[in-house]
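Hi everyone, thanks for making time for this. I'd like to walk you through one model, starting with its charged pairs and ending with some unusual backbone spots.

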Amino acid sequence: MSTRVTIHDVAAASGVSVATVSKAVNGRYGVAPETAARVLEAVEALGYESSLVASSMRSRRTGVIGVLLADFEPFSAEILKGVSAGLQESRYDLLAYSGSRQGDGEGWERRSLSRLSGTLIDGAILVTPTVVNAAADVPIVAVDPHTGRAELPTVEADSRGGAREAVDYLVALGHRRIAFVAGRPDLKSSRLRDAGYRESLAVAGIPFDPSLTRVGFYAADTAREAARTLLTQPDPPTAVFAANDLSAIAIIEVAQALGLDVPADLSVVGFDDVPEASRQALPLTTVRQPMQRIGQTAAGMLTALMAGETLSATHVLLPTRLVPRATTAPPR
């Protein structure tokens, strides 16, 4: 059975002391270039990896950025891809960490930050946090922030404008009974999508009907329940705007199970444009938010903060656009 390569193995292989190996690996002063090169060759050959915790205790730096997630779902996965791309030219590694399944899920950011900051990560990106602010010993950037007034630097997409574009499109197709399945009420993005939905109806002269709105919490199971309630009403909607793609896909499944034809009987529009949206049997009409660009932007902001720079903008809003596909059509 193989054993873990230690710093003593590297010292023996390169013919130097353990102290010299430590200096060479951590880039400290006092090692001749040819000696450092010999040590690093031994490190590469043996596959030696120094302990992040031990290194951070000595230098107070780990070279790792943490992305803290409520869950590993499609939106978060796209954000992670963007963060990874944003760090490619940097010296930082990426640690993805989910702390949502502790207790009731609220405040997982604080618990996660207390465990990771200072010993495992030098900075953190919080994705869809449940709290307005989460104090830590490291710089933080929030993606898709909580509804409150946050002091943290944030990156988000234009949820309000995207929602208006989605509902405007349905109105232009001729729909008048347009339902809305909202997201998490604690998130700014969800409230802005709700506002955009109502604003578009108002501009079109369509009265807001509370019986056509349900909360889906950005979750497929909850969205299915909302869809059953909406679609079995005596006067059901002819179109549904869902606050995210996972909810929209779930709504389509319920509609088809009820014998409805999508899009002839029911048009459905989502939000996000996760990869799954275009891979459905009926590719989903949706509002595309630049998720990978959001992650890349957050990574750039965080590395700037970690370098001691002042951000030119602490709150970045990125544009969205409608992507029409096969789940929308004029009403019968």
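Let me begin with the term I'll lean on: a salt bridge here is a side-chain nitrogen of Lys or Arg within 4 Å of a carboxyl oxygen of Asp or Glu. Please keep in mind that this is a predicted model. By that rule, the count comes to 13 salt bridges.

One of them joins the side chains of K188 and E156, at 2.9 Å from N to O. This pair links distant parts of the chain, with K188 in helix α8 (residues 188-203) and E156 in strand β5, 32 residues apart. K188 is partly exposed at 33% relative accessibility, while E156 is buried at 7%.

So where do the β5 side chains point? T154 and E156 face one way, V155 and A157 the other, and all are buried. As for neighbours, β5 runs parallel to β4, joined by two bridges, and A142 stands opposite T154. β5 also pairs in the parallel sense with β11 (residues 315-318), over four bridges. There, T154 stands opposite H315.

Back to the charges. D273 and R288 meet in a salt bridge at 2.6 Å, N to O. D273 lies in the loop between β9 and α11 (275-279) and R288 in strand β10 (residues 285-288), so this pair ties together parts that are 15 residues apart in sequence. D273 counts as buried at 11% relative accessibility, and R288 as partly exposed at 29%. Salt bridges with shared partners also join R160, R164 and E199 into one network.

For a pair within one helix, look at K81 and E78, whose closest N and O atoms are 2.8 Å apart. What separates them along the helix? They are three residues apart in α5 (residues 74-86), so about one helical turn lies between them. K81 is partly exposed at 43% relative accessibility, and E78 is buried at 8%.

Now the backbone. Most residues other than glycine have a negative phi, and most peptide bonds are trans. T128 has a positive phi of about 45° although it is not a glycine. T128 sits in the loop between β3 (123-127) and β4 (140-143), and is buried at 10% relative accessibility. D144 likewise is not a glycine and has a positive phi, about 55°. Its place is the loop between β4 and β5 (154-157), where D144 counts as buried at 8%.

Last stop: the peptide bond from V262 to P263 is cis, with omega near 15°. P263 is in the loop between α10 (245-257) and β9 (267-272). Thanks, everyone!

Terms used. Residues numbered from 1 in each chain as written. Predicted model: local features only at pLDDT ≥ 70, side-chain atom pairs only at ≥ 80, totals over all residues. Heavy atoms only, no water. Buried < 20%, exposed > 50% of the residue type's maximum accessible area, 1.4 Å probe, protein only. Pairing = 2+ DSSP bridges.
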